[in-house]
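User: Please take a close look at the sheet in this structure, at how its strands are arranged and at what packs on the sheet.

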Amino acid sequence: MRYSGFEVIKQALRGHRGWGPAWRDAAPRSEYDMVIVGGGGHGLATAHYLASRYGITNVAVIEKGWIGGGNVGRNTTIIRSNYLLDGNEPFYEMSLKLWEGLEQDINYNAMVSQRGIVNLIHTDAQRDAFTRRGNAMILNGADAELLDQGAIRREYPWLNFDDARFPIKGGLAQRRGGTVRHDAVAWGYARAADGRGVDIIQNCEVTGFVMDGGACTGVETSRGTIRAGKVGVAVAGNSGRVMAMAGMRLPIESHVLQAFVTEGLKPILPGVITFGAGHFYVSQSDKGGLVFGGDIDGYNSYAQRGNLPVVEDVCEGGMAIMPMIGRARLLRMWGGVMDMSMDGSPIIDRTHIDGLYFNGGWCYGGFKATPASGMAFAHLLATGRPHDTAAAYRFDRFRTGRMIDEKGMGNQPNLH
Ligand SMILES: Cc1cc2nc3c(=O)[nH]c(=O)nc-3n(C[C@H](O)[C@H](O)[C@H](O)COP(=O)(O)OP(=O)(O)OC[C@H]3O[C@@H](n4cnc5c(N)ncnc54)[C@H](O)[C@@H]3O)c2cc1C
């Protein structure tokens, strides 16, 4: 079924009894051309682009839980392409362009909302750094705008300008950034891939890899063995655990990241704001809740729940720039497991094992990357060559020292 305004009216007249399931509940077959492990945003996007751009449809996406149950349904929904380094900016700008056409591409309302993002500036040195980043963005075809304090005050008059511990001196804006409804991205990609014949297999855990003469030729799962010409792994926070089944130790650590949402409030926050003197970012959902987050918990964990010290730190960040947030009641909070790489940038690469490919190390910024990650991984799987925009995301950069260290933090996964 194709979704459209006409279809909504037609179904309304028939009591909404004609809507079918968005995707089939496929049972695993014994063999596919390609198997994607992980039904998160990246795995599902990969399947969609394999089918729609490369005509490869004999594909299964194997998900141990349910579609949208991982980080793709747990994040704070922010999209942007405001990166500095050459290895990153073209990739994230491609992603933003794909977001701009996504709903037409997959015929699904993912609530892509380019409401803009502003990174607040608190010192003169930070203004210099953000100016440099804005120029790098413009050189790569993205949009960037440097705002002075007056402009920020006009757009966000209720921020703390007058007695703040970290005075607001301006901001770097990207007007094309914004938010996207996170779980709708998973559902939309799943439906689009399924519509082209991809099997989306839920409640099926990959428990091992099938190896023949040193090559990977399939996966062992909780529902039996599945053979495949190529296997692509995109399991985000579980990357270390899953690749260990192939005997690989990754330059990745898993950490928890928490998110918070308040009760619904009247519209106050038109775009996304990030605090420049601490780690705090906030937007307002279409239902009115303030959605915000901050740092990772800072120790290794596979638990999808967080701890109180970071809650305190995040709330302090919020109070520092918008004291009124202290009056809002917190409705919910949750955690997701992040695949933090050593330099803060991802990996989309073949492994040393024939037939086995890897996509991970997204740290806590992988939601905005979902379309480009799917496109680049599909390109790699289909052609055997890296996509132009993802050519730097190689395993061997950790051996050769060609780091993509956007934050300049060094080999410190907990700080990226
Ligand atoms: C609280 C929070 C806030 C965030 N905010 C943002 C943000 O604002 N902007 C942004 O860009 N990014 C953000 N992120 C990061 C982003 O959500 C992730 O980087 C991205 O979603 C990871 O890719 P994914 O969607 O494929 O992961 P997931 O949805 O986690 O998909 C991986 C899937 O693999 C499955 N899996 C694992 N092991 C196996 C196995 N053995 N067999 C089969 N399946 C398996 C898991 O069940 C899971 O469904 C945030 C993350 C969190 C947790």
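Analyst: The following account describes the sheet, strand by strand, and then the helix that packs on it.

This is a predicted model, in which local features need pLDDT of at least 70, side-chain atom pairs count only at pLDDT 80 or more, and totals for chains, interfaces and linings use all residues. Residues are numbered from 1 along each chain as its sequence is written, and side-chain values use heavy atoms, with hydrogens and water left out.

Eight strands make up an open sheet of mixed pairing, in the order 5-6-4-13-14-15-12-16. Helices (H or I, at least four residues) and strands (E, at least two) are DSSP runs, numbered from the N terminus; two strands pair if DSSP finds at least two bridges between them. Strand 5 (145–148) and strand 16 (330–341) lie at the edges with a single partner strand each, so one side of each has no neighbour in the sheet. From one strand to the next, the twist averages 25 degrees.

Within this order, strand 4 (residues 117–121) pairs with strand 6 (residues 170–174) in the antiparallel sense over five bridges. Here Asn-119 stands opposite Leu-172 in strand 6.

Helix 4 (residues 124–139) packs on the sheet and touches strand 4, strand 5 and strand 6, where contact means heavy atoms within 4.5 Å. The direction of helix 4 makes about 150 degrees with that of strand 4; axes are lines fitted to C-alpha atoms, for helices over the stretch in contact, and angles run from 0 to 180 degrees between N-to-C directions.
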